[in-house]
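Visitor: I should like to go through this structure by question and answer. Please show the sequence and the coordinates before we begin.

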Amino acid sequence: MHLETFTALVFIGSFAAGMLGALTGLGGGVVLIPLLTLGFHVDMRYAIGASLISVIATSSGAAAAYVREGYSNVRIGMFLEVATTLGAVVGAFIAAYAPTRALAIVFGVVLLYSAWLSRSRHDHEPAVEPNPWSEKLGMSGKYPDGHGGWTAYVVDRIAAGWAMMFGAGILSGLLGIGSGAVKVLAMDKIMRIPFKVSTTTSNFMIGVTAAASAGIYLTRGYVDPVLVAPVLLGVLLGALFGAKVLARARVRLLRTIFACVIGALGVEMIANGWMGRL
Amino acid sequence: MGRALDDEKMEWMMGLLLRLGVLLAATVVITGGMMYLADHHGTQVSYRKFVGHPISVRHPAELTGSTSLAVLDVGILLLVAVPIARVGFALFAFLAERDWLYTAVSALILAVLVWGMLRSG
């Protein structure tokens, strides 16, 4: 394909991926990697490298808006970033030795899991008694309740959440995705942090997690700048646009459609990985 | 609640730092991309086969052959530096708050990031 055509098509596709990622809260990486590998026949390693770089851009670019809303908790985020960055370095090391077929299959499973997760509701019973470590580690906080007041919350099962975050970091480093779905799961379901706080803090953490494995990807040559440029700019603009229309869109319907698309892509990634076509 | 106020201000400054950093990196990437398109007008591209394009943080001088690729590489390195700078900022902010626990947490993350950046062969 001609350079100009390729660049333009990749830019448009990445814009759509970034927009869908922002609208559904799953992030751009989950659509981007199948788009590049299945749609543009890009080698899995280049796709992972491009995704990782675009994940850093969207996480950092969107952070300012979330911070203004007052939901994200910097202490929870940074305490758990120790786990995600360590995991990300481990994941990137594994990625260097794992065959691309195996990566494609693992990625497919993550897609199927994300599709299933995006359809389930998020309600959890509050902890029986407040965890004393929540105060000791300075993680207790409050968030705006939407009526001008504040709702206080505490954090529970910190060790289990930390371990889950280590796993999220490994996935992020292995596949070049933000793994926001797993991060939210750890905070929302395990640590019983309110959903809004979980999603915004997860976004806050994604950039740092991705940066931890970026060095390994860069030196291994996974980051091709000519491919990364349209991907990065497309995903970034798409995500910013997606965040703007989020308030007006019919998110329920969109989520359902998106979950089906992601599930189908997951099956296709597994099939292609299994048959060694990626 | 003096600490909560400090945290709020710190998070606000972090958000600003991240946004400006991404804006700067994106501008450099757009510039490099335009230069590359002008240089390689009408050439064929394929990413079917993995060749590899190593970008080294330790030897930025010998990034790549052509100027446009070097500009793109610098833009990408700037972008990767943005979240690392955020952790560095947090380290000093927690230090100023005399919050030793989170100063240590920030230092630990920074150590992991630097380790991932340099020990990557």
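**The core and the contact between chains**

Visitor: Which residues touch the most other members of the largest nonpolar core?
Guide: The model is a predicted one. Its largest nonpolar core has 124 residues, and those touching the most other members come from both chains. They are A:Ile53, A:Ile56, A:Ala211, A:Val228, A:Leu232, B:Ile76 and B:Leu79.

Visitor: Which helix gives the largest share of this core?
Guide: The element in question spans residues 67-96 of chain B and supplies 13 residues. The helix is α2 of chain B.

Visitor: Which residues does B:Ile76 touch, leaving aside those up to four places away in sequence?
Guide: A contact here requires C-beta atoms within 7 Å. On its own chain, B:Ile76 meets B:Val29 and B:Ile55. From chain A, the partners are A:Ile53, A:Val223, A:Pro225 and A:Val228.

Visitor: How many residues does each chain bring to the contact, and which helix of chain A supplies the largest share of its side?
Guide: Chain A brings 53 residues and chain B brings 58. Five elements of chain A, α1, α3, α4, α9 and α10, each supply at least two residues of its side. The largest share, eleven residues, belongs to α3(A).

Visitor: How do the residues on the chain A side divide by character?
Guide: Nonpolar residues number 32 on the side of chain A that touches chain B. The remainder of that side is 13 polar and eight charged.

Visitor: Where does α4(A) bend?
Guide: Of the 24 residues in α4(A), 19 are buried. From first C-alpha to last, α4(A) reaches 34 Å, close to the 34 Å expected. The helix nevertheless bends by about 35°, at A:Glu81.

Technical notes
Residues numbered from 1 in each chain as written. Chains lettered and ligands numbered in written order. Predicted model: local features only at pLDDT ≥ 70, side-chain atom pairs only at ≥ 80, totals over all residues. Contact = placed C-beta atoms within 7 Å. Helix = DSSP H or I, 4+ residues; strand = E, 2+ residues; numbered from the N terminus. Nonpolar A, V, L, I, M, F, W, Y, C, P; charged D, E, K, R; others polar. Core = buried A, V, L, I, M, F, W, Y, C linked by C-beta atoms within 7 Å. Buried ≥ 20, exposed ≤ 12 C-beta atoms within 10 Å, placed from the backbone. Expected span 1.5 Å × (residues − 1). Bend = angle between axes of the 7 residues up to and from the residue.
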